[in-house]
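Please open the model in your viewer and keep the sequence panel visible. The stops below are given in the order to select them.

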Amino acid sequence: MATSTTVSNTENLMKYLDLPQKGYCMAEYIWIDGMNGVRSKTKTLDKKCTDVKELSEWNFDGSSCGQAPGDNSDVYLRPVRIFPDPFRRGDNILVLCECWDHDGTPNKFNYRHDCARLMEANAKHEPWFGLEQEYTLLGLDGRPYGWPKMGFPAPQGPYYCGVGTGKVYCRDIVEAHYKACLFAGVKIAGINAEVMPAQWEFQVGPCEGIDLGDQLWMARFLLHRVAEEFGVVITFAPKPIPGDWNGAGLHTNVSTKEMRLDGGLKAIEAVMSKLEKRHVEHIAVYGEGNAERMTGQHETASMDKFNWGVADRGASVRIPRQCAAAGKGYFEDRRPASNADPYQITGMMMETMFGGLPDEKMLK
């Protein structure tokens, strides 16, 4: 059988992964590019690293990543967090980085920087976030994985949380990703098959402050890397298939210290009016192509107006019934698209709830 040119030959690779590294370690520097994707490259370390402060800055060609012009292309990587590497294992690490320009300012696609400042400025509110990342598995032909080459599968109905052949596709990828996240220390809360066949969801959180964005971006990186080994493409497009098929979102669950106290429902309801006033600003950072998803159908609200309700999955924001009954808890913003940046989502949420940074407004 001919060797595939698109699927990693993992079985052959394994015998090399067991080779001793003679005290050296590999650090995979990971960053977010100018197209809302992830990039990475590897650096050899001469000793084990247990603290991100021990790592040096690095750089890359920003003109090849949509982050800088060709005549001034150097962009700098500043490590902000390390995770154990589930692919190389041992003392090897994954390094999440921020991107900075040569003049010492954050790269224009570095949304983490201002988000972290907002989280720090409002740390007394102890914000918790939990994001539900939906995604779709595609074959190399661009069709959802497992769909017939011509035509469509049976209508939606049996696929959500489905079990059994013909109801779920690529569970092996989903399980492998789950284990990789747990090994790496990503706070993955769960997984489930979604409403459209070949669509899945994983949840990250609850995490406090900037931690959520860091963990979700690492989970996305791990998902892409796992899918490489199966020759499957991951898309976070909010409406990958037009027609009577569910889109993909990034539902955002939000809770503050005030919301978790007895009587916290009043704090939740107070945020609703703030969210309504800034609906347009939120939609602007809630993902590209979101209008195709937010039509008022398929468990979405209309993009044109804001509304909220208890247990209403057709609303912009849903307050879970158990929270309404308890009089405290959290709310779910159902507007973000699956391809939205979690730093922009959570940063905008903090700005709306508590006000912007003293010297500037962010995310404009």
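**Strand 10 and its partners**

Select strand 10: L250, T252 and V254 point one way, H251, N253 and S255 point the other way, and all are buried (under 20% relative accessible area with a 1.4 Å probe, protein chains only). In a regular strand the side chains alternate between the two faces of the sheet. The model is predicted, so local features need pLDDT of at least 70 and side-chain atom pairs count only at pLDDT 80 or more, while totals for chains, interfaces and linings use all residues. Residues are numbered from 1 along each chain as its sequence is written, and side-chain values use heavy atoms, with hydrogens and water left out.

Six of the six residues in strand 10 (residues 250-255) are buried, so this strand is largely enclosed by the rest of the structure. Strands here are DSSP runs of E, at least two residues, numbered from the N terminus; two of them pair if DSSP finds at least two bridges between them.

Next, add strand 6 (residues 128-138), which runs antiparallel to strand 10 and is joined to it by six bridges. Here E132 has H251 as its bridge partner. Then add strand 13 (residues 331-333), antiparallel to strand 10 with three bridges; E332 is the bridge partner of N253.

**The five-stranded sheet**

Now show the open sheet of five strands, ordered 2-1-5-4-3 with mixed pairing. Strand 2 (38-45) and strand 3 (58-61) are at the edges with a single partner strand each, so one side of each has no neighbour in the sheet.

Finish on strand 4 (residues 74-84) and strand 5 (residues 93-100), an antiparallel pair with eight bridges. F83 stands opposite L94 in strand 5.

How values were computed
Helices (H or I, at least four residues) and strands (E, at least two) are DSSP runs, numbered from the N terminus. Buried means under 20% relative accessible area, exposed over 50%, partly exposed in between (1.4 Å probe, protein chains only).
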